[in-house]
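Here are my notes on this one, as numbered points. Have a look at the model first, then read on.

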Amino acid sequence: MTKAQRQHGRKYVLGKGLAARSVSLVGSVASSRRTGAADLQLGMVLTFVAGAINAGGFLAVGQYTSHMSGIVSSMADHLALGVLDLFLLGFGALGSFTLGAACSAILINWGRRRGLDSQYALPLLLEGLMLLAFGLYGWALTSPWTFTSAMIAWLCFIMGLQNATVTKISGARMRTTHVTGIVTDIGIELGKFCYVNQDHSKPRVLADRGKLKLLGLLLCSFFVGGIAGTIFFEWGGSRLLYLPLAVTLLFLSISSVTKDLLIRGRDEEAPSLHGE
């Protein structure tokens, strides 16, 4: 074997190893076996997605769809003022968010009881498919009221699905669809950081720097997602905004789902092989 052939072989092995590590890294982001790094990566991706969806939804229909506080407040206002159509619109948004969260719990618990590696990837796969469908066909809704109602309900369902998934994954440490809790926790940790421990005979008040870093990254990711969502929606509408987000979620989830499908396929073939 010549020197050039050996170098080519080393490059091939190196490239193959790098590709394998990349696939493994992507698969671990949504895997059932969680690590702190995987939680951070997934949290940042999903807060970016939520920020982009929230910004795009506001430009399209004048309504933020990722947090329910404003929606419930507007429902109360509209009911008190007798504007029943807008009250019902808000009620539909609230119900859709709740159904999305319930759907996430069903998928995760279904996968967990079957020992699937894709138990957390399943809701992300569904979210990606829903964003893909909306990016491809949402523009076809021509009636303003139909478009507004369908878009708000659809996106609220997606946000409920995503928020519940991240809540289950992180043990309620992270929220990705709204920043009220994130900013509150940042304020708490900053208060601990600034606290002066004068009496050293008592337990010291210390900030969790790791948590503060995590919260800061999530806040920045949501903000950057909002900027990107606004720019892409202004440039190309729902297709340019939602299709890349859908592809990102499908890419993150497909590895774990494919792995489970291959394992299931081998398990189903095993009895027939033993019987021959």
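1. Of the contacts in the chain with a separation of 6 or more, 74% are between residues 24 or more positions apart; contact here means heavy atoms within 4.5 Å. Bear in mind that this is a predicted model, where local features need pLDDT of at least 70, side-chain atom pairs count only at pLDDT 80 or more, and totals for chains, interfaces and linings use all residues. Residues are numbered from 1 along each chain as its sequence is written, and side-chain values use heavy atoms, with hydrogens and water left out.

2. The chain has eight helices and zero strands, going by DSSP runs numbered from the N terminus (helices: H or I, at least four residues; strands: E, at least two). Buried residues account for 37% of its 276 residues. The cut-offs, with a 1.4 Å probe and protein chains only: buried is under 20% relative accessible area, exposed over 50%, partly exposed in between.

3. Take T47 in helix α2 (residues 36-61). T47 counts as buried because its relative accessible area is 0%. Beyond its neighbours within four places in sequence, T47 touches Q162, R175, T176, L218, S221 and F222.

4. For contrast, try W235 in helix α8 (residues 209-275). W235 is exposed, at 67% relative accessible area. W235 also joins F223, V224, I227, I231, F232 and L240 in a nonpolar surface patch of about 710 Å². Patch residues have over 30% relative accessible area and no salt bridge; like charges are joined within 9 Å, nonpolar side chains (Val, Leu, Ile, Met, Phe, Trp, Tyr) within 5 Å. Areas are Shrake-Rupley with a 1.4 Å probe, and for residues only the protein chains shown count as cover.

5. How many salt bridges does the structure hold? Just one, between the side chains of K192 and E189 (3.6 Å, N to O). The criterion is a side-chain nitrogen of Lys or Arg within 4 Å of a carboxyl oxygen of Asp or Glu. Both residues sit in helix α7 (residues 180-194), three residues apart, about one turn of the helix. K192 is partly exposed at 32% relative accessibility, whereas E189 is buried at 3%.

6. The largest pocket comes to about 250 Å³. Its lining includes W110, R114, D117, V257, D260 and R264, and α8 gives the most to that lining, with five residues. A pocket is an open set of points on a 1 Å grid over the protein atoms alone, where a 1.4 Å probe fits, with protein on both sides within 12 Å along at least five of seven lines; lining residues have an atom within 4 Å of a point. Grid points are joined across faces, edges and corners, and the volume is the space filled by probe spheres set on them.
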